[in-house]
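Please open the model in your viewer and keep the selection panel at hand. The stops below say what to select next and what is there.

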Amino acid sequence: MGESSICQVRATVMLYDESTKRWVPAGSDSPALSRVHIYHSSSAHTFRVVGRKLQADQQVVINCPILKGMKYNQATANFHQWRDPKQVWGLNFSSKEDGAAFAKAMLYALDAL
Ligand SMILES: CC(=O)N[C@@H](Cc1ccccc1Cl)C(=O)N1CC[C@@H]2C=C[C@H]3CC[C@@H](C(=O)N4CC[C@@H]5C=C[C@H]6CC[C@@H](C(=O)O)N6C(=O)[C@H]54)N3C(=O)[C@H]21
């Protein structure tokens with residue numbers, strides 16, 4: 001059984017660079033909108049965040065497991081963030097509605113783990 005998408009939103013995926021104390025766009029070149037999904041693998045009982053650039057190259061800019069007990073911080077209606085073992089991810093949503101939809105799916109996943 002493959003993975004199914006439980007939500008898809010548009011956001012700019014960002015990473016916090018601890019050394020420069022700056023938020024930087026994930027993936028190469030300038031900040032660009034990505035389509036960000038939460039995928040659920042029912043066979044493996046896992047969830048992950050996968051995002052690909054909307055532009056032609058469809059570069060994968062995030063592929064991050066959702067870990068049990070992870071804290072999801074809704075810093076603002078449009079900007080949510082979380083820590084993985086190595087780094088801090090940020091999603092700058094294209095709309096508050098996308099932010100709300102993503103948060104709902106994320107909290108569902110965290111509750112299901
Ligand atoms: C205990 C803990 O880890 N705490 C974390 C949060 C957290 C809590 C609980 C669980 C997990 C996490 Cl992740 C933490 O404090 N971190 C995570 C790294 C982040 C870095 C900078 C400072 C600067 C201020 C703040 C910030 O980022 N904020 C404010 C809204 C603001 C909105 C948009 C994004 C967009 C790009 C940048 C900008 O506007 O130029 N930006 C922002 O500037 C955005 N902050 C944080 O937020 C910081």
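A disulfide is taken here as a pair of cysteine sulfur atoms within 2.5 Å. With that cut-off, a search of the whole structure, which is a predicted model, finds zero disulfides.

**First stop: the cysteines.** Select C7, which is in no disulfide, and then C64, whose sulfur is the nearest cysteine sulfur to that of C7 at 14 Å away. Because the cut-off for a disulfide is 2.5 Å, the 14 Å to the sulfur of C7 leaves C64 in no disulfide either. Are these cysteines buried or exposed? C7 is buried, with a relative accessible area of 10%, and C64 also counts as buried, at 2% relative accessibility.

**Second stop: the nonpolar core.** In soluble globular proteins, nonpolar side chains tend to be buried together. Here the largest nonpolar core has 26 residues, and you can begin by selecting those with the most contacts inside it, namely I38, V49, I66, W82, F102 and M106. Next, colour β1, β3 (34–41), β4 (46–53), β5 (60–65), β8 and α1 (96–112), each of which supplies at least two residues of this core. Which of these elements gives the core its largest share? The helix α1 does, with six residues.

**Third stop: the ligand and its shell.** Now centre the view on the ligand and show the residues that surround it: M14, Y16, W23, K71, N73, T76, F79, Q81, W82, R83, V88 and N92. W82, which you have already selected among the core residues with the most contacts, thus appears in this shell as well. Sorted by class, the shell has six nonpolar, four polar and two charged residues.

**Fourth stop: close polar pairs.** Display the side chains of W23, Q81 and R83 together with the oxygen atoms of the ligand. A polar side-chain atom of W23 lies 2.8 Å from one ligand oxygen atom, a polar side-chain atom of Q81 lies 3.0 Å from a ligand oxygen atom, and for R83 the corresponding distance is 2.5 Å. If you then switch on a surface, bear in mind that the ligand taken alone exposes 840 Å², of which the protein buries 51%.

**Last stop: the elements around the ligand.** Colour β1 (3–17), β7 (79–83) and β8 (88–93), the elements that give two or more residues to the shell. Finish on β7, from which the largest share of that shell comes, four residues.

Note on methods:
Residues are numbered from 1 along each chain as its sequence is written. This is a predicted model: local features need pLDDT of at least 70, side-chain atom pairs count only at pLDDT 80 or more; totals for chains, interfaces and linings use all residues. Side-chain values use heavy atoms; hydrogens and water are left out. A residue is near a molecule or strand if one of its heavy atoms lies within 4 Å of it. A polar contact is a pair of N or O atoms within 3.5 Å; within protein, one must be able to donate a hydrogen and the other to accept it, and residues adjacent in sequence count only if both atoms are side-chain atoms. Accessible areas come from the Shrake-Rupley method with a 1.4 Å probe; for residues, only the protein chains shown count as cover. Ala, Val, Leu, Ile, Met, Phe, Trp, Tyr, Cys and Pro count as nonpolar, Asp, Glu, Lys and Arg as charged, and the others, Gly among them, as polar. Buried means under 20% relative accessible area, exposed over 50%, partly exposed in between (1.4 Å probe, protein chains only). A nonpolar core is a set of buried Ala, Val, Leu, Ile, Met, Phe, Trp, Tyr and Cys residues joined through side-chain atoms within 4.5 Å.
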